[in-house]
Structures are given as structure tokens and as C-alpha cells.
Amino acid sequence: MSLYVEARIDADLDELWARTQEPSQHQRWDLRFTEITYLPQMPGEPRRFRYGTRVLPFLTIAGTGISAGEKRRADGTRTSALRFSSPHPLSLLREGSGYWRYVPAADGGIRFLTGYDYRPRWGRFGALADRAVFRPLMGWATAWSFDRLRLWLERGITPERQVLHALAEVGVRFGCVVTAVLAAPMVALAVLALAFVLPPLPTTPAARRCLRNPPPRTRAPRVLATLQER
């Protein structure tokens, strides 16, 4: 998988599973999606869903996918795999696949991780835009969302409230930089550097708190190959 994100979350596994598998819960914390809904399901078929991302007040880019879960293994690990695609002409993302894995840690807590990849559209221009902008943005958005989920589970801070925390903190940092530029131009660069270097407050989500490189010998789950054959 080209994109990998892992977060350590101290929470109940069933609660984490519910907040990531129930569409009404998932869409609250995941920055990549505005809406997620399940589609009618035939007996024995993988779960089908529709997702949408609002990029402008009047424009939502939608797609569909299928998912399947290896809900339990002997060691307590759970896995959910999915395949997705978007026919929308404005969607850079054409199709892709990925997985979520929930791994109980020996000292308590859960390693919640994802690996996924996709194919962009728009030919060579799309490939360049994806490498330069979209793929790094997707990696950051995934990590930021995972930390947002962690804060929701560990501290009880709702995803909506966390957005307010993040906006307030950005506003304060920006205000400090502007004040330094106006009042003390000689130290403005130092203030700007501090605004970027200082870590976010503990109640503000931060992508930097997540692992972005997979450990050695990380492999996609077998259930993902089953989905890709459908």
C-alpha cells in the first residue's frame, strides 16, 4: 500500500470498531468524507456503500465501494477491507482499495492502522498532480483524522468541538505572527518558526502524532485480495 497511517488508541475495541464501521459515526471524524451511507445488500454479498466529499458548498464528489470484515481472529485482531471508485469527472481519484486493521497491544490499547492505494485519472497531468499535491494531502488528512478519532475515544472531545479547537489554535498562531510583523519585524521570523515548530495543544488533532511509515514485513490482509477479484 502506498499510503500508511497508524495510531495508538487507548479504548475499548468494540467501541473503536463501532465508531469506524457505522457510517453515521465514521463521517463525523474522517476529514476525507462528508457523508457515508450503506446501500441495499443481497444475502452473502459484501457490504456496499456510497460516499461523498463536499469540496464546495454546491459541489459534492461522490463514489461507491464494497467492504468486507474479518471481524475476529484468534489473537483478537480485526480487519476490514474495502474497494472503492468514483465516476465523477472532477474526482482525481479513479479507483482504489485498502484496509483497516485493529491490533490489540500487549500492554493495552489498540494499534489502529490503515494501508491504501488508488489510481488517479486525467493522464499524465493527474499523475503529477497526485504526486505533488493530492497524495501528500490524503496522507495528512488520514493521519489528522486518526488523531481526531483518538481524542474522541480517549478524552471524550467530540469531532465537531475538535474542529473549533484547531481553528482557534491556528487563529492564535497566525495572530502572534501578524503582531510580531507589525510590532517587532526583527523577531518576526523567529515567531513564524515557533508557530510552525511548536506542537499542537493536547486537545487539538495533529497528524504528526501518527506513524506514517509501515513497520517491516507489513502485508495487506487476504480478504483484500478477495474483494479485488469481485
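This is a chat about helix contacts and a few single residues in a predicted model.

Reader: Before we start, what kind of model is this, and how are residues numbered?

Author: It's a predicted model, where local features need pLDDT of at least 70, side-chain atom pairs count only at pLDDT 80 or more, and totals for chains, interfaces and linings use all residues. Residues are numbered from 1 along each chain as its sequence is written, and side-chain values use heavy atoms, with hydrogens and water left out.

Reader: Okay, helices. How do H1 and H3 cross?

Author: The axes of H1 (residues 13-21) and H3 (residues 123-155) come within 11 Å and cross at roughly 135 degrees. Axes here are lines fitted to C-alpha atoms, for helices over the stretch in contact, and angles run from 0 to 180 degrees between N-to-C directions. Helices (H or I, at least four residues) and strands (E, at least two) are DSSP runs, numbered from the N terminus.

Reader: What do you call that orientation of H1 and H3?

Author: H1 and H3 are oblique to each other. Angles under 35 degrees count as roughly parallel, over 145 as roughly antiparallel, 65 to 115 as roughly perpendicular, and the rest as oblique.

Reader: Is the crossing of H1 and H3 left-handed or right-handed?

Author: Right-handed, for H1 and H3. That label applies if the near helix is turned clockwise from the far one by less than a right angle; anticlockwise makes a crossing left-handed.

Reader: Which residues of H1 and H3 meet?

Author: Glu15, Leu16, Arg19 and Thr20 from H1 meet Leu149, Trp152 and Leu153 from H3, where contact means heavy atoms within 4.5 Å. In that contact of H1 with H3, four residues are nonpolar, one is polar and two are charged. Ala, Val, Leu, Ile, Met, Phe, Trp, Tyr, Cys and Pro count as nonpolar, Asp, Glu, Lys and Arg as charged, and the others, Gly among them, as polar.

Reader: And where do H3 and H4 touch?

Author: The axes of H3 and H4 come within 10 Å and cross at roughly 120 degrees, and this crossing is right-handed. On the H3 side the contact has Trp144, Asp147, Arg148, Leu151 and Trp152, and on the H4 side Pro159, Glu160, Gln162, Val163 and Ala166. The residues of the contact of H3 with H4 divide into six nonpolar, one polar and three charged.

Reader: What about H4 and H5, how are they arranged?

Author: Helix H4 (residues 159-183) and helix H5 (residues 188-197) have axes that come within 8 Å and cross at roughly 170 degrees, and the two are therefore roughly antiparallel to each other. H4 brings Arg173, Cys176, Val177, Ala180 and Val181 to the contact, while H5 brings Ala188, Val191, Leu192, Leu194 and Ala195. Nine of the residues in the contact of H4 with H5 are nonpolar, none is polar and one is charged.

Reader: Switching to single residues: is Glu6 buried or exposed?

Author: Glu6, in strand E1 (residues 3-9), is buried, with a relative accessible area of 11%. Buried means under 20% relative accessible area, exposed over 50%, and partly exposed in between (1.4 Å probe, protein chains only).

Reader: So what does the Glu6 side chain pair with?

Author: The side chains of Glu6 and Tyr4 are joined by a polar contact of 2.5 Å. A polar contact is a pair of N or O atoms within 3.5 Å; within protein, one must be able to donate a hydrogen and the other to accept it, and residues adjacent in sequence count only if both atoms are side-chain atoms. Not counting residues up to four places away in sequence, Glu6 touches Arg111, Phe112, Leu113, Cys210, Leu211 and Pro215.

Reader: Which side chain does His26 make a polar contact with?

Author: That of Asp30, with His26 at 2.8 Å. His26 is in helix H2 (residues 23-29) and counts as buried at 9% relative accessibility.

Reader: What's odd about phi in Trp122?

Author: Phi of Trp122 is near 75 degrees, a positive value in a residue other than glycine. Most residues other than glycine have a negative phi. Trp122 lies in the loop between strand E7 (110-120) and H3 and is partly exposed, with a relative accessible area of 38%.

Reader: Last one: what does the Asp75 side chain reach?

Author: The backbone nitrogen of Thr77, at 3.0 Å from the Asp75 side chain. Thr77 is in the loop between E4 and E5 and counts as buried at 5% relative accessibility.
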